[in-house]
Amino acid sequence: MSEWLIFTGIMLMGAMVPGANTAIILRNTLQGSRRKGFITALGLATALAIHVLLSVIGLAALIEQTPGLYHAIRWLGSAYLIYMGLTYLAARTLDNNNDTEQNASGNPFIAGMMISLFNPKILIMFIAIFSHILADVTSLWMQILYYVTPVIVELSWLSLIIMILTQPGIQQTMLRIRTNLERIVGGGLVLLGVKLGLG
């Protein structure tokens, strides 16, 4: 059980590192609503579950050993991040009213899922982690626990961010700086896309 607690801690630290996931949660929660934030988080968690599943059945190893496939996925992910970033940078400043959910565009579930799904480095990370940790785990229940832990940790951390962002005082402050925040998030996604594309 101590190994699982260490694994959970590693997953939590990974989830807490600011990146594309945090950026899209920030953007969709503030431009949409708490509901839109949670739908985005579900998309991100679904993609993470797919990464775990692919690593378990060995597709991650195949991708790692097939440079062309790895690069194709990486470039698709890079292009998607850059596209999302440019979309945010070009977004028109919204009126400060209560109708923000109608103005916010795009499917938050798909946007969240695509951002995470097209990052082959996550697949490679899971295959590396699981190949070392699960080699000594014989219990089926413990294996299942290891498989669901990254998804639960990710969803829990993102849910905490959403709950904090939608507190009235914090939300009012964030809404006042929404235009600048939108540019920062858009620029961050573009930079992340370029970084992913360059390897």
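Read from one end of the sequence to the other, the chain runs α-α-α-α-α-α-α-α-α-α-α. The model is a predicted one, and its secondary structure amounts to 11 helices and zero strands. The chain has 199 residues, of which 43% count as buried. Its exposed surface is about 10,600 Å², with carbon and sulfur atoms supplying 69% of that area. Among contacts between residues at least 6 apart in sequence, 87% join residues at least 24 apart.

**Helix packing**

Two packed helices are described by the angle between their axes and the distance between the axes. The table lists three helix pairs on these terms.

| Helix pair | Angle between axes | Axis distance | Crossing |
|---|---|---|---|
| H2 and H7 | about 165° | 10 Å | right-handed |
| H2 and H9 | roughly 40° | within 10 Å | right-handed |
| H3 and H7 | about 35° | 7 Å | right-handed |

Helix H2 spans residues 20-31 and helix H7 spans residues 108-117. With an angle of about 165° between them, H2 and H7 are therefore roughly antiparallel to each other. On the H2 side, the contact is made by Ala20, Asn21, Ile24 and Asn28; on the H7 side, the partners are Pro108, Ala111, Gly112, Ile115 and Ser116. Sorted by class, the residues of this contact are five nonpolar, four polar and no charged.

H2 also packs against helix H9, which covers residues 140-165. Their axes cross at roughly 40°, and that makes H2 oblique to H9. Here H2 contributes Asn21, Thr22, Ile25, Leu26, Thr29 and Leu30, which meet Glu154, Leu158, Ile161, Ile162 and Leu165 of H9. The contact of H2 with H9 comprises seven nonpolar, three polar and one charged residues. Asn21 takes part in the contact of H2 with H7 and also in the contact of H2 with H9.

The third pair joins H7 to helix H3, which runs over residues 34-56. The axes of H3 and H7 lie 7 Å apart. From H3, the contact draws on Lys36, Ile39, Thr40, Leu42, Gly43, Leu44, Thr46, Ala47, Leu48, Ile50 and His51. From H7, it draws on Pro108, Phe109, Gly112, Met113, Ser116 and Leu117. The class count for H3 with H7 is 10 nonpolar, six polar and one charged residues. Pro108, Gly112 and Ser116 of H7 appear in this contact as well as in the contact with H2.

**Individual residues**

Serine 116 is placed in helix H7. Its relative accessibility is 2%, and serine 116 therefore counts as buried, the cut-off for that class being under 20%. Leaving aside residues up to four places away in sequence, serine 116 touches Asn21, Leu44, Ala47, Leu48, His51 and Ile122. Of these, Asn21 belongs to H2, whereas Leu44, Ala47, Leu48 and His51 belong to H3. Serine 116 is also 9.7 Å from leucine 81, C-alpha to C-alpha, with their positions 35 residues apart in sequence.

Isoleucine 50 is found in H3. At a relative accessibility of 28%, isoleucine 50 counts as partly exposed. Apart from residues up to four places away in sequence, isoleucine 50 touches Met113 and Leu117, and both of these partners are in H7. Isoleucine 50 and leucine 123 are 73 residues apart in sequence, and their C-alpha atoms are 9.2 Å apart in space.

Glycine 19 lies in the loop between helix H1 (2-16) and H2. With a relative accessible area of 23%, glycine 19 is partly exposed. Its C-alpha atom is separated by 7.6 Å from that of leucine 192, although the two residues are 173 residues apart along the chain.

Notes. Residues numbered from 1 in each chain as written. Predicted model: local features only at pLDDT ≥ 70, side-chain atom pairs only at ≥ 80, totals over all residues. Heavy atoms only, no water. Axes fitted to C-alpha atoms, helices over the stretch in contact; angles between N-to-C directions. Helix = DSSP H or I, 4+ residues; strand = E, 2+ residues; numbered from the N terminus. Parallel < 35°, antiparallel > 145°, perpendicular 65-115°, else oblique. Left-handed = near helix turned anticlockwise from the far one by under 90°. Contact = heavy atoms within 4.5 Å. Nonpolar A, V, L, I, M, F, W, Y, C, P; charged D, E, K, R; others polar. Buried < 20%, exposed > 50% of the residue type's maximum accessible area, 1.4 Å probe, protein only. Areas by Shrake-Rupley, 256 points an atom, 1.4 Å probe, with all protein chains shown as cover.
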